[in-house]
Amino acid sequence: MTDLFQRVVNHLTHIYAELPPAAIETLARQLLEEMRLPPKASQSARRPGHWSERDSYLICYADNVLPDADTPAPHTPLQALRSFLDTHLRGAITGVHILPFFPWSSDDGFAVKEYTEVDAAVGSWQDIEDIAAHFRLMADLVINHCSSEHPWFRNFIAGTDPGADYFFCASPELDLSEVIRPRTSDLLRPTETKDGLKHVWCTFGHDQVDFDFSNPKVLVEFVRIVRLYLDRKVSVFRLDAVAFIWKEIGTVCLNLEQTHEIVRLLRALIENANPDAIIITETNIPKRENLSYFGNANEAHSIYNFSLPPLLLFTLLNGNCRHLKNWLMSMPPAQMGTFYFNFIASHDGIGLRPAEGLLSDEEIHDLITATERAGGLVSWRATSSLTRRPYELNVSLWDALSFTIANSHLGPDQWHLQRFICAHAILLALEGIPALYFHSLIGSGNDLERVARTQHNRHINRRRWPQHALNTALADPDSHHSQVLQQLKHLLQIRQQQPAFHPNATQFTLHLGDAVFAFWRQSLQREQSIFALNNVSDTEQTISLSDINLIDTDDWRDLISDTPITLNQSQLTLAPYQSVWLSNR
């Protein structure tokens with residue numbers, strides 16, 4: 001078996017092909033030393049997957065819940081978040097993705113000013129570790145860029161180390177028209193430095209300056225950061241915007257081979273430091289490119305299922321699952337040792353790039369129109385031809401699902417809550433591990449006041465709840481916030497008990513018409529089958545039980561309603577937006 005040192009050398013040789021072998025070996029030893037790994041250790045054997053049907057995640061900000069000023073505890077937003085988790089989600093979810101909790105200058109945390117500290121405004125490392133004691137903790141490795149206020153960038157301007165050569169620069173005279181990026185701002189930031197005017201590459205904006213990973217010292221810095229996060233009980237690493245980290249002039253500067261090799265290297269180091277750790281790549285790109293980050297089960301353990309949010313939204317607004325069904329049939333099962341990370345809402349908008357080739361331009365336009373009628377906004381991106389296309393829909397999922405496309409002019413309809421729960425029933429039943437966004441879990445609406453104040457589209461779905469107001473809303477059984485939370489917790493707790501919902505259990509798409517999105521799950525040991533049947537329309541649908549081939553020697557029950565299904569009844573009727581999990585055990 002190849003030892004870890006040789007594996008690291010092999011990865012580095014592909015990343016830094018111009019470095020001599022002696023320099024590669026020196027760099028490999030340095031990386032292993034930073035990770036506190038013995039060079040002669042045998043590389044970790046690949047595991048079939050240390051996850052199960054019990055796993056689900058919450059996506060949240062450290063300050064989603066603001067502590068009340070007039071109470072002695074909790075003192076920090078992270079402590080208020082922990083109180084929310086302990087009160088409402090212990091036993092319902094297993095993992096928490098806390099979005100960047102470091103000091104930052106913009107983009108709600110994704111312009112990091114210091115990677116090694118917790119932002120004092122939200123709490124401390126102790127608060128982070130207290131949450132990690134009860135929930136698996138996912139944290140962002142914001143690897144493509146940092147804040148222009150980071151000490152490294154100040155050193156870049158001053159021409160001193162560390163940082164003098166950490167950032168990617170390019171001449172504005174070069175042809176950069178092929179570069180693909182999710183923003184329409186100028187790519188290059190003119191910056192006066194000790195050595196004169198330089199033009200710094202900024203994929204996302206001028207306060208987010210891109211690193212130059214062709215400099216091995218940048219890689220060393222991030223390996224050092226990874227080791228710190230492991231020490232602070234982070235066990236799931238979300239590689240933010242990782243697809244952009246390697247740049248080559250004359251290319252699209254997206255998904256280059258060195259990028260994939262860096263992901264493989266980080267996996268080798270992380271899984272040897274903690275065999276239970278997981279790498280998830282955040283690559284908001286079309287399906288085929290996104291799937292490439294699985295590699296040969298040797299890159300990311302998991303990838304975000306970015307096509308699901310726009311397709312599911314379109315399905316429920318249109319009452320037709322044809323596109324969602326075609327997409328599901330085309331998705332390969334994740335290899336053992338990998339899994340899909342499924343979500344339908346997050347801190348970002350609902351991305352439209354992953355819908356390209358799956359929805360027509362006219363259908364995407366219909367989504368945009370419905371979003372705007374729901375009070376939402378649209379963000380745009382630059383293409384390689386320097387034109388602009390819609391990049392994402394900025395809207396809370398609660399408001400986005402308040403009506404159908406056909407009736408969007410009438411406002412919220414009577415099926416609003418049922419449609420919203422149906423979306424999550426589909427999410428929880430699909431192959432992979434589900435992640436629920438904080439504001440979806442409690443049914444938050446558009447925060448238009450914050451958008452008006454900050455002029456930042458994504459703030460529409462990043463509300464900060466005062467703790468007392470949140471507790472009051474959740475304590476009121478008549479509030480939709482309480483109803484959403486209780487119904488979603490019910491589904492989560494049912495899911496945890498079903499082997500057929502293992503992240504790698506078999507999945508097969510069923511064909512029951514365009515108004516019923518249906519698929520079959522079977523457990524790894526084949527002892528349980530679940531037929532997930534979802535009426536995605538606002539009209540009643542009838543299903544012939546003969547169409548789903550129920551084994552007549554088994555006893556069948558809808559897990560959601562806890563209702564037995566007898567084979568004497570030839571049909572099953574689904575109310576508008578009703579979901580059924582039909583199980584034989």
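Which residue of strand 25 is the bridge partner of Asp 558? The partner is Leu 582. The notes below start from that pair. Keep in mind that this is a predicted model.

1. **The pair in its setting.** Asp 558 belongs to strand 22, which covers residues 556-558. Leu 582 belongs to strand 25, residues 579-583. The two strands are antiparallel, and their pairing rests on 2 bridges.

2. **The whole sheet.** Strands 22 and 25 are part of an open sheet of 6 strands. Read across, the order is 18-19-20-25-22-23. The pairing is antiparallel. At the edges sit strand 18 (506-511) and strand 23 (563-565), and each of them pairs on one side only. From one strand to the next, the twist averages 25°.

3. **Strand 20 and its two partners.** Look at strand 20 in the sheet order. With strand 19 (residues 516-522) it pairs in the antiparallel sense over 7 bridges. In that pairing, Arg 521 stands opposite Ile 530 of strand 20. With strand 25, strand 20 is joined by 5 bridges, again antiparallel. Here Asn 534 has Ser 579 of strand 25 as its bridge partner.

4. **The turn of the hairpin.** Strands 19 and 20 form a hairpin. Between them lie 6 residues. One residue to find in the turn is Arg 526, with a positive phi of about 65°.

5. **Is strand 20 enclosed or open?** All of its residues are buried, 7 of the 7 in residues 529-535, so the strand is largely enclosed by the rest of the structure. Check both sides. Ser 529, Phe 531, Leu 533 and Asn 535 point one way. Ile 530, Ala 532 and Asn 534 point the other way. Both sets are buried.

6. **A loop residue before strand 25.** Tyr 577 lies in the loop between strand 24 (571-574) and strand 25. Its phi is positive, about 65°, although Tyr 577 is not a glycine. Is Tyr 577 buried or exposed? Its relative accessibility is 3%, so Tyr 577 counts as buried.

7. **Asp 108, a similar check.** Asp 108 also has a positive phi, near 45°, and is a residue other than glycine. Find Asp 108 in the loop between strand 3 (95-98) and helix 4 (125-132). With a relative accessible area of 7%, Asp 108 is buried.

8. **A cis peptide bond.** Where is it? Look between Asp 161 and Pro 162. Omega there is about -5°. Pro 162 sits in the loop between helix 5 (151-158) and strand 6 (188-193).

9. **Helix 2, one face in and one face out.** Helix 2 (residues 21-34) has 14 residues. From its first C-alpha to its last it reaches 20 Å, close to the 20 Å expected at 1.5 Å a residue. Its buried residues are Ile 24, Leu 27, Ala 28, Leu 31 and Leu 32. Seen down the axis of helix 2, these fall within an arc of 135°, so they line one face of the helix. They pack against helix 1 (4-15), helix 6 (216-231) and helix 7 (257-273). On the other side, Ala 22, Thr 26 and Glu 33 are exposed. After the helix comes Arg 36, with a positive phi near 60°.

10. **Helix 9, a contrast.** Helix 9 (residues 308-318) has 10 of its 11 residues buried, so it is largely enclosed by the rest of the structure. Among the buried residues are Leu 308, Pro 309, Pro 310, Phe 314 and Thr 315. Gly 319 follows helix 9, and its phi is positive, near 70°.

11. **The cores.** In soluble globular proteins, nonpolar side chains tend to be buried together. The largest nonpolar core here has 177 residues. Ile 98 and Trp 581 have the most contacts inside it. Helix 13 (residues 416-429) gives the most to this core, with 10 residues. Another core lies apart from it, with 16 residues, among them Leu 510, Ala 518, Trp 556 and Leu 574.

12. **What surrounds Ile 98?** Leave aside neighbours within four places in sequence. The contacts of Ile 98 then include Cys 60, Tyr 61, Leu 78, Leu 81, Ile 128, Ile 131 and Met 138. Asp 140 is also one of them.

How values were computed: Residues are numbered from 1 along each chain as its sequence is written. This is a predicted model: local features need pLDDT of at least 70, side-chain atom pairs count only at pLDDT 80 or more; totals for chains, interfaces and linings use all residues. Side-chain values use heavy atoms; hydrogens and water are left out. Helices (H or I, at least four residues) and strands (E, at least two) are DSSP runs, numbered from the N terminus. The expected span of a helix is 1.5 Å times one less than its number of residues. Buried means under 20% relative accessible area, exposed over 50%, partly exposed in between (1.4 Å probe, protein chains only). The arc is that of the directions from the helix axis to the C-beta atoms. Contact means heavy atoms within 4.5 Å. A nonpolar core is a set of buried Ala, Val, Leu, Ile, Met, Phe, Trp, Tyr and Cys residues joined through side-chain atoms within 4.5 Å. Two strands pair if DSSP finds at least two bridges between them. Axes are lines fitted to C-alpha atoms, for helices over the stretch in contact, and angles run from 0 to 180 degrees between N-to-C directions.
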